[in-house]
Amino acid sequence: SSPLMSHPPDYAFTPPDFVAERSKKIQVLSSLPSTCGNCSKGLVDKAQPAIRETAEGSIFSYCMAPDGCSGSFQLYKAPDRRVPKWQKVCPYTPSDHAVYGSACVHCGKGGAYHLASDRADGWRIAGYDQIPLPADWPVWNKNTNTWSNVR
């Protein structure tokens with residue numbers, strides 16, 4: 001493999017379709033439920049919002065009715081915006097397959113040095129970068145208690 005390659009040759013990244021995902025999220029936001037998706041009791045609670053957005057952008061409704069189920073119901077699942085950062089590593093090949101942790105034929109180090117997530121072709125995911133959301137992405141504004149960019 002080329003030293004300039006930043007990912008395994010069999011890896012192909014497909015970014016989320018933000019246009020389609022935005023449409024799905026707006027559709028959910030324009031028809032938010034007033035009852036629980038689990039027990040059909042009312043969601044309204046003046047003390048806390050019954051519809052919440054998670055940090056990654058998924059939307060859940062929470063049953064807050066006194067006689068309700070106290071459950072949650074996912075209304076929208078945010079797209080996975082993680083992009084793996086790949087790292088070239090030594091593919092662990094034990095010199096003695098019968099002995100756990102025996103020295104690697106490639107680097108001479110024991111099995112404990114190599115991570116379980118190391119692929120046999122010598123690649124591992126070392127971390128993730130995050131694709132930023134588009135500027136027109138609908139988000140909850142805590143200051144105004146409204147969703148922005150819904151139109």
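In this predicted model, the charged end of Arg82 lies over the ring of Tyr128 at 4.5 Å from the ring centre, and a further arrangement of this kind places the charged end of Arg52 over the ring of Tyr62, 5.0 Å from its centre.

Aromatic rings also meet one another, and a search of the whole structure returns 4 aromatic pairs. A pair of aromatic rings is described by the distance of the centres and the angle of the planes. Among these pairs is that of Phe18 and Trp137, whose planes stand at 80° with the centres 5.8 Å apart, so the pair is edge-to-face. This pair links distant parts of the chain, since Phe18 belongs to helix α1 (residues 18-29) while Trp137 lies in the loop between β5 (123-130) and β6 (140-141), 119 residues apart. Trp140 and Trp147 likewise form an edge-to-face pair, with 5.1 Å from centre to centre and 65° between the planes.

The accessibility of the four residues in these two pairs is set out below.

| Residue | Relative accessibility | Class |
|---|---|---|
| Phe18 | 17% | buried |
| Trp137 | 4% | buried |
| Trp140 | 34% | partly exposed |
| Trp147 | 17% | buried |

Because buried means under 20% relative accessible area, Trp147 at 17% counts as buried, whereas Trp140 at 34% is partly exposed.

Turning to a single strand position, Ser61 is located in strand β2 (residues 59-62) and, with a relative accessibility of 2%, counts as buried. Leaving aside residues up to four places away in sequence, Ser61 touches Leu43, Ala50, Ile51, Gly71, Ser72, Phe73 and Leu75.

Note on methods. Residues are numbered from 1 along each chain as its sequence is written. This is a predicted model: local features need pLDDT of at least 70, side-chain atom pairs count only at pLDDT 80 or more; totals for chains, interfaces and linings use all residues. Side-chain values use heavy atoms; hydrogens and water are left out. Helices (H or I, at least four residues) and strands (E, at least two) are DSSP runs, numbered from the N terminus. Buried means under 20% relative accessible area, exposed over 50%, partly exposed in between (1.4 Å probe, protein chains only). Contact means heavy atoms within 4.5 Å. Rings of Phe, Tyr and Trp (its six-membered ring) pair if their centres lie within 6.5 Å; planes under 30 degrees apart count as stacked, over 60 as edge-to-face and the rest as tilted. A charge sits over a ring if NZ of Lys or CZ of Arg is within 6 Å of the ring centre and within 35 degrees of the ring normal.
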